[in-house]
Structure formats: C-alpha cells, structure tokens
Amino acid sequence: MKKWITVVLFLFCSYASSSVREKRLILHSSDDVFNEIQTLKSEIASIKASSDANRKDTGSIYTRWGKNDCDGNGTDKTYSGYTAGHPHDVAGGAASYICLPENPTWAKFVEGLQNEGAYISGTEYEIYAAFNPFPKNMHDQDAPCVVCRSPRPISIMIPGKTDCYSGWTLEYTGYLMSGHNTQKASTDYACVDANPDSVLHGESNQNGKLFYFVEVKCGSLPCQEYPQGRELACVVCSR
C-alpha cells in the first residue's frame with residue numbers, strides 16, 4: 001500500500017512540475033518578455049514624473065535679512081521689501097523683525113496716528129567704530145530684506161556658526177543682530193547677511209527698529225567655547 005501511495009505522489013508531483021514549466025514557458029515567451037519590459041518602463045517613467053512633480057512642490061521659506069535678492073543654490077525670490085518692527089524707544093510691542101513688501105495693498109484704515117495700538121517702523125543698522133565687518137559703511141542705513149524659497153524642504157538658522165553641518169547646503173552667512181540691551185523695546189535675534197544691502201535713499205538717521213551686533217556674555221555660557229565680548233556670526237542652511 002505504501003508503495004502505491006509513493007507512486008501516486010511521484011506522478012502528481014511530476015505532473016505539477018510539468019505544468020509549472022509549461023506555464024513558465026508560456027509566460028516567458030519573447031512577446032511576453034517584451035510586453036513586461038514595456039510595462040516596467042512605463043511604470044518607471046510614471047514614478048519619475050511623479051517624483052519630479054513632488055520635488056517642485058516641496059521646499060522651504062526663509063527671510064534673508066539685509067539683502068534685496070536671493071543668491072544661488074536654486075533659490076527663488078518670493079518677494080523683497082523692508083526690514084521692519086516695533087520702534088526701539090517705545091516700551092512693549094512686538095519683538096520680532098518682519099519683512100514688509102515693497103508694494104503694500106490696503107484694507108480698511110484711518111489716516112493719521114491714533115495712538116491706540118502697536119507701531120511698526122523701518123530698521124537701521126547701528127555700527128560701532130570698534131567693530132565693522134561689513135564691506136561698506138552701513139551705519140544708519142535702512143535695512144532691506146528678501147523672502148527666499150529653497151527647493152530643499154528644511155531651512156534653519158544656526159547662531160554661532162559660519163558653516164553648515166554635514167549633509168546641509170549653505171544658503172548664506174552673516175552676523176547675529178538684535179536691538180540694544182538698554183532699549184525699551186524687546187527684539188528677537190536675526191541673521192543679517194555678511195554683505196548687506198541698504199534701502200535706496202535710506203541713509204538719514206531716523207532710527208525706528210535697530211540692528212546691533214550681539215556680543216557674548218560668558219559664565220552661564222562656557223567661556224572657552226564662547227569667549228567674553230566676541231560678536232556672534234550665524235549661518236542659514238537647508239537640506
């Protein structure tokens with residue numbers, strides 16, 4: 001009986017193996033192979049097109065303080081304008097710098113100062129004689145700005161660095177700047193381009209919001225890595 005079962009199993013397996021070989025031969029004829037290759041090519045082309053489209057739709061936005069244009073690395077200008085913020089000599093108000101566009105459009109408004117809310121003014125560079133790293137004298141010049149779009153999905157400002165970490169792309173280098181520590185209005189820090197531009201006819205000393213270099217006060221910061229009194233650089237990177 002066992003012998004007959006073995007024979008039956010052998011015949012069944014032989015038939016199954018023969019069927020698989022026949023199917024393989026049928027499925028892998030020259031026409032089938034050609035059609036499969038064409039299908040794969042079409043699918044690969046579709047995936048590539050989808051990937052390219054997604055790549056065009058991704059990116060990141062950052063503000064380049066002190067410049068009128070975005071430079072290199074596939075970066076596009078979204079708009080340019082004027083660095084602005086809360087006046088330095090008025091207590092309270094918003095701390096951040098913002099980039100106002102060159103050509104505003106208006107909703108409803110009332111002419112004249114009502115003194116019932118916040119203020120916003122342009123921003124001037126304040127450069128002291130002991131330290132002026134800029135190629136031109138920018139003291140009391142008004143600061144422009146430009147909003148840039150990088151094709152890379154992440155952008156970050158790194159204070160205290162002049163280069164990017166491995167795997168990141170350099171967008172620009174600059175100096176960390178903010179309002180003066182004795183002034184009434186608080187400010188954020190901004191990374192101002194190392195080769196800044198100025199607003200045309202913006203050289204008169206009107207103050208407003210101001211840009212000062214940022215000096216290190218060490219102690220709670222380690223003095224070996226951050227020596228007392230040094231002005232901090234900064235870099236904007238993307239990936």
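Colleague: How much accessible surface does the protein chain have, and what share belongs to carbon and sulfur atoms?
Modeller: This is a predicted model, so local features need pLDDT of at least 70 and side-chain atom pairs count only at pLDDT 80 or more, while totals for chains, interfaces and linings use all residues. Residues are numbered from 1 along each chain as its sequence is written, and side-chain values use heavy atoms, with hydrogens and water left out. Areas come from the Shrake-Rupley method with a 1.4 Å probe, and for residues only the protein chains shown count as cover. The total is about 15,800 Å², and the share of carbon and sulfur atoms is 56%.

Colleague: Happy to start there! What pattern of helices and strands does the protein chain follow?
Modeller: Helices (H or I, at least four residues) and strands (E, at least two) are DSSP runs, numbered from the N terminus. The chain holds two helices and 10 strands. Read along the sequence, the pattern is α-α-β-β-β-β-β-β-β-β-β-β.

Colleague: What percentage of the residues in the protein chain is buried?
Modeller: Buried means under 20% relative accessible area, exposed means over 50%, and partly exposed lies in between (1.4 Å probe, protein chains only). Counted that way across 239 residues, the buried share is 30%.

Colleague: Among contacts between residues at least 6 apart in sequence, what share joins residues at least 24 apart?
Modeller: A contact means heavy atoms within 4.5 Å. Among the contacts in the chain that meet your first limit, the share that also meets the second is 73%.

Colleague: Is Glu-171 buried or exposed?
Modeller: Glu-171 sits in strand β7, which covers residues 169–178. Leaving out residues up to four places away in sequence, Glu-171 touches several others, including Arg-64, Arg-152 and Cys-237. Its relative accessibility is 5%, so Glu-171 counts as buried.

Colleague: Which residue has a side chain joined to that of Glu-171 by a polar contact?
Modeller: A polar contact is a pair of N or O atoms within 3.5 Å; within protein, one must be able to donate a hydrogen and the other to accept it, and residues adjacent in sequence count only if both atoms are side-chain atoms. The pair in question is 2.8 Å apart, and the partner of Glu-171 is Tyr-62.

Colleague: What backbone nitrogen does the side chain of Ser-121 reach?
Modeller: Ser-121 belongs to strand β4, residues 121–125. Beyond its neighbours within four places in sequence, its contacts include Thr-83, Pro-87 and Gly-208. At 3.2 Å, its side chain reaches the backbone nitrogen of Lys-209.

Colleague: What is the volume of the largest pocket?
Modeller: Rolling a probe the size of a water molecule over the atoms shows where empty space is left. On a 1 Å grid over the protein atoms alone, a cavity is a set of points where a 1.4 Å probe fits but cannot get out, whereas a pocket is an open set with protein on both sides within 12 Å along at least five of seven lines, and lining residues have an atom within 4 Å of a point. Grid points are joined across faces, edges and corners, and a volume is the space filled by probe spheres set on the points. For the largest pocket, that gives about 520 Å³.

Colleague: How does the lining of the largest pocket divide by class?
Modeller: The lining has 16 residues, with Trp-106, Phe-109, Val-110, Ala-118 and Ile-120 nearest the centre. Ala, Val, Leu, Ile, Met, Phe, Trp, Tyr, Cys and Pro count as nonpolar, Asp, Glu, Lys and Arg as charged, and the others, Gly among them, as polar. The split is 10 nonpolar, five polar and one charged.

Colleague: Which residues lie nearest the centre of the second largest pocket?
Modeller: This pocket has a volume of about 360 Å³. Its lining has six nonpolar, five polar and two charged residues. Of the 13 lining residues, those nearest the centre are Gly-179, Asn-181, Phe-213, Val-214 and Glu-215.

Colleague: How far apart in space are Phe-131 and Phe-213?
Modeller: Phe-131 is in the loop between β4 and β5, and its contacts beyond four places in sequence are Tyr-175, Phe-213 and Glu-231. The two phenylalanines are 82 residues apart in sequence, and their C-alpha atoms are separated by 8.9 Å.

Colleague: What is phi of Asp-140?
Modeller: Most residues other than glycine have a negative phi. Asp-140 lies in the loop between β4 and β5 and, at 12% relative accessibility, counts as buried. Its phi is positive, near 70°.
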